[in-house]
Amino acid sequence: MPSTRSHTRIRARGPAVLTALVWAASTALAAPAGAAAAPAGAATGRAVVHPEAVTAAQQQAVLDYWTPERMAALTTPSSSNPPKSAPDGAPWTGPDALSRTVGRLFFTNHGEDESCTATVVNSANRSTVVTAGHCVNSPDLLGDNNEWLANEMFVPGYHDGLAPYGTFVARAGVADATWLLNDEQSALKYNAYDQAFLVLNTNAAGRRVQDAVGAAQRIGFDRPGSASVHEFGYPREASGDPTRAGLPEYTGARLAHCTGQTREYPGTAQYPQPRGQWGAPCVMGGGSSGGPRIADFDPSSGIGTVVGDNTQGAFFDPSGRVCARGDAACTRHLVGPQFTSAITKPLYQAAERS
C-alpha cells in the first residue's frame with residue numbers, strides 16, 4: 001500500500017526486512033502512566049531510565065544471543081567495486097582514539113535483528129554511550145506497540161567481525177518520555193527527541209567501556225548547528241551512490257565517515273521537521289543511525305565534541321533548498337537533532353547516575 005510515513009529511519013535491519021523502510025500510517029501510541037503528550041517542539045527534559053540486562057544471567061543471555069553467525073547476518077555482502085573516497089563518504093583511517101570510541105550497536109527490534117552506531121562519551125560512570133532514540137526504543141513497522149529494544153550490545157572499534165575491546169551489554173536505556181510516545185508519523189512533534197543513551201555493563205574482563213578503550217568523546221549542548229563537522233557510522237549501504245555499494249565501509253563491516261559544512265533540514269511542506277535537524281553531505285545509509293556528529297574534531301588526537309546524532313537523510317539543491325530524493329541535482333545530507341540543555345542534558349545526567 002502507498003506509504004504516508006513522514007520519514008525513513010536509517011538503522012540497519014536484517015535480511016528479512018529492507019534496509020531503507022517506508023512505513024504505513026498508524027495511530028499514536030498511548031502515553032505511559034503519568035505521562036502527558038508534549039506539544040510540538042516542547043522540551044520536557046523528562047528522562048526515563050529503563051533497566052535492561054541487569055543480572056549476570058540476563059547479560060549472559062544477550063552474549064549468547066549474539067553469535068558470530070547472527071552478527072555476520074547484519075553485514076551486507078561485499079562487491080568488487082574499486083575504492084572510492086570523498087568528503088561525503090569514506091572509510092575511516094584516522095587516529096585510533098576515534099575508532100576506539102565509536103562502535104557498532106546490535107539489538108533486536110520487534111523480533112528483527114538490527115544494528116546502529118553508538119559513541120563512548122566522557123561520563124562519571126565511565127560506562128555511557130550516546131546513540132539515536134530509535135536505536136533504543138521504537139514502535140513496530142506500523143507505528144504501534146512501542147517497546148524498549150532487546151539484546152542491546154555495543155562493540156567499540158568493531159571491524160570485520162572483530163571486537164578488539166570486548167563486548168558490552170546494556171544494563172539501562174535512557175530516553176525522553178516524549179520519545180516514548182513516538183508514532184513514526186509526527187516528525188514535527190517527535191524528531192527533536194530522537195536521541196538516547198545506553199549505560200553499559202562491564203566486558204568479560206570486568207572493565208568499564210571508557211577504561212577498556214582508553215578514550216571518550218566530549219559531549220556538547222546548545223552548540224551552534226551551523227558548523228564544519230565529522231560524522232561517523234557503520235552503514236550497510238551507500239544511499240544514493242551505487243558506485244560505492246558493497247565497499248567494506250558500506251557493508252557494516254568497517255567504520256565510515258563524512259566531513260563537511262552542515263545545513264539545517266526544515267523538512268517538506270507535507271512533512272515538516274522541528275528546528276535543530278542538522279547534518280553534512282553524506283551517503284552513509286542504514287546502520288549509521290545513532291552515529292556521532294562531531295564538532296571541533298582534532299585530527300591528531302581523534303577527539304572532538306559530539307553535538308548531535310545521525311537519524312535520517314535529507315536532500316538539498318546547490319542553493320540550499322530542500323529537494324526530492326533521486327534528483328540528480330540534489331545532494332544527500334545525513335541529519336539529526338542538535339544536542340541541547342533542554343532535551344539532551346537531562347538524559348545524559350540520568351545515564352551518568354545509572
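Here is a friendly exchange about the structure shown above.

Modeller: Welcome! This is a predicted model, in which local features need pLDDT of at least 70, side-chain atom pairs count only at pLDDT 80 or more, and totals for chains, interfaces and linings use all residues. Residues are numbered from 1 along each chain as its sequence is written, and side-chain values use heavy atoms, with hydrogens and water left out.

Colleague: Thanks! How many disulfides are there?

Modeller: A disulfide is a covalent bond between the sulfur atoms of two cysteines. The rule used here asks for a pair of cysteine sulfur atoms within 2.5 Å. By that rule the count is 3.

Colleague: Which parts does the link of Cys 116 and Cys 135 tie together?

Modeller: The sulfur atoms of Cys 116 and Cys 135 are joined at 2.1 Å, and the link is left-handed, with -75° about the S-S bond. Strands (E, at least two residues) and helices (H or I, at least four) are DSSP runs, numbered from the N terminus. Cys 116 sits in a strand and Cys 135 in a loop, so the bond ties together parts that are 19 residues apart in sequence: strand β5 (residues 112-120) and the loop between β6 (128-131) and β7 (137-138).

Colleague: Is Cys 330 buried or exposed?

Modeller: Cys 330 is joined by a disulfide to Cys 323, with S to S 1.8 Å. Buried means under 20% relative accessible area, exposed over 50%, and partly exposed in between (1.4 Å probe, protein chains only). At 13% relative accessible area, Cys 330 counts as buried.

Colleague: What is the handedness of the disulfide of Cys 258 and Cys 282?

Modeller: These two cysteines have their sulfur atoms 2.1 Å apart. The torsion about their S-S bond is about 60°, so the disulfide of Cys 258 and Cys 282 is right-handed.  Cys 258 lies in strand β14 and Cys 282 in the loop between β16 (277-281) and β17, so the pair ties together parts 24 residues apart in sequence. To end on the handedness you asked for, the torsion makes it right-handed.

Colleague: Which strands stand at the edges of the open sheet?

Modeller: Two strands pair if DSSP finds at least two bridges between them. The open sheet has 6 strands in the order β3-β14-β13-β17-β18-β12, with mixed pairing. Each edge strand has a single partner, so one side of it is left without a neighbour in the sheet; these strands are β3 (90-91) and β12 (218-219).

Colleague: Which residue of β14 stands opposite Ser 228?

Modeller: Strands β13 (residues 228-233) and β14 (residues 256-261) pair in the antiparallel sense over 6 bridges. In β14, the residue opposite Ser 228 is Gln 261.

Colleague: Which element supplies the largest share of the largest nonpolar core?

Modeller: A nonpolar core is a set of buried Ala, Val, Leu, Ile, Met, Phe, Trp, Tyr and Cys residues joined through side-chain atoms within 4.5 Å. The largest one has 32 residues, of which Leu 98, Phe 106, Met 153, Phe 197 and Phe 232 touch the most other members. Elements that each supply at least two residues include β4 (102-109), β9 (150-156) and α6 (344-353). The largest share, 4 residues, comes from α6.

Colleague: And how many residues are in the other core that lies apart from it?

Modeller: Among the members of that other core are Trp 179, Leu 180, Tyr 190 and Leu 200. Its size is 29 residues.
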